[in-house]
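I set out to record the side-chain contacts in this model. The entries below follow the order in which I looked them up.

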Amino acid sequence: MMFMTARVDLKKILLILGIIAAVIAGILWITGGDEDVTTAAPSVGTNEGRVKFLQDFGWEVAASPVESSQVKIPKESSEVFERYNNLQKSQGYDLSRYAGKNVMRFVYKITNYPGATEPVYATLLVHKDQVIGGDITDTAAKGQIRGFKMPAGTEQTAPSETAATP
């Protein structure tokens, strides 16, 4: 009977297992997994769902969108797209994942934007009933395009409530 022994180096085994795990994680990251699956995002397949999505950020909006249309996310990157996508990334979205795809664009008028003198609009970009991006646009001369989050230090009151205050 013959016995063979081998000396096992625990550090080498752990290193090899770590490399294998990193390779698997890298493959999943590169492929992006299933691009149509978004986690913890509410369904916005209905107008009510889209309005609720905006209300969850503190916005009050008109009951119906002022515009809805299909738009195509550009395949080719540009400076303008990169700036807009950087805003999306700051909110946890990334439009580059949808390059070349048609998505729905819904625009709602915001009725409680703090200090607004001109119309303010919320734009939602929707793919397969999930928000994939969007913004809040103040159309005033010095207005800004910002993420969905309500500006810091502002109260969430409708303009009609503030107008009644003496």
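**Salt bridges**

I began with lysine 52, which forms a salt bridge with aspartate 56; the closest N and O atoms are 2.8 Å apart. The model is a predicted one. I checked the accessibility of both partners: lysine 52 is partly exposed at 47% relative accessibility, and aspartate 56 is exposed, with a relative accessible area of 52%.

I then searched the whole structure and found three salt bridges. One of them joins the side chains of arginine 105 and glutamate 67, at 2.7 Å from N to O. Arginine 105 belongs to strand β2 and glutamate 67 to strand β1, so this pair ties together parts that are 38 residues apart in sequence. Arginine 105 is partly exposed, with a relative accessible area of 24%, and glutamate 67 is partly exposed as well, at 34%.

I also noted a salt bridge between glutamate 79 and arginine 83, at 3.3 Å from N to O. These residues are four apart in helix α3 (residues 79-90) and are therefore separated by about one helical turn. Both glutamate 79 and arginine 83 are exposed.

**Aromatic rings**

I searched the whole structure for ring pairs and found five. In one, phenylalanine 53 and phenylalanine 57 meet edge-to-face, with 5.3 Å centre to centre and 65° between the planes. Phenylalanine 53 counts as buried because its relative accessibility is 6%, under the limit of 20%. Phenylalanine 57, at 30%, counts as partly exposed.

I recorded tryptophan 59 and tyrosine 113 as a stacked pair, 5.5 Å centre to centre with 5° between the planes. This pair links distant parts of the chain, 54 residues apart: tryptophan 59 is in the loop between α2 (47-55) and β1 (67-72), and tyrosine 113 is in the loop between β2 (102-110) and β3 (120-127). Both residues are buried.

I noted further that ring pairs join Phe53, Phe57, Tyr93 and Phe148 in a cluster. I also found the charged end of arginine 50 over the ring of phenylalanine 106, 3.7 Å from the ring centre.

**Nonpolar cores and surface**

I looked up the largest nonpolar core, which has 19 residues; among those touching the most other members are Phe53, Trp59 and Phe148. At least two residues of this core come from each of α2, β2, β3 and β4 (130-138), and β3 gives the largest share, four residues. A second, separate core has seven residues, including Tyr98 and Leu125.

On the surface, I recorded a nonpolar patch of about 280 Å², made by Ile16, Ile20 and Ile24. I placed isoleucine 16 in helix α1 (residues 10-31).

Notes:
Residues are numbered from 1 along each chain as its sequence is written. This is a predicted model: local features need pLDDT of at least 70, side-chain atom pairs count only at pLDDT 80 or more; totals for chains, interfaces and linings use all residues. Side-chain values use heavy atoms; hydrogens and water are left out. Rings of Phe, Tyr and Trp (its six-membered ring) pair if their centres lie within 6.5 Å; planes under 30 degrees apart count as stacked, over 60 as edge-to-face and the rest as tilted. Buried means under 20% relative accessible area, exposed over 50%, partly exposed in between (1.4 Å probe, protein chains only). A charge sits over a ring if NZ of Lys or CZ of Arg is within 6 Å of the ring centre and within 35 degrees of the ring normal. A nonpolar core is a set of buried Ala, Val, Leu, Ile, Met, Phe, Trp, Tyr and Cys residues joined through side-chain atoms within 4.5 Å. Patches are made of residues with over 30% relative accessible area and no salt bridge: like charges are joined within 9 Å, nonpolar side chains (Val, Leu, Ile, Met, Phe, Trp, Tyr) within 5 Å. Accessible areas come from the Shrake-Rupley method with a 1.4 Å probe; for residues, only the protein chains shown count as cover. A salt bridge is a side-chain nitrogen of Lys or Arg within 4 Å of a carboxyl oxygen of Asp or Glu.
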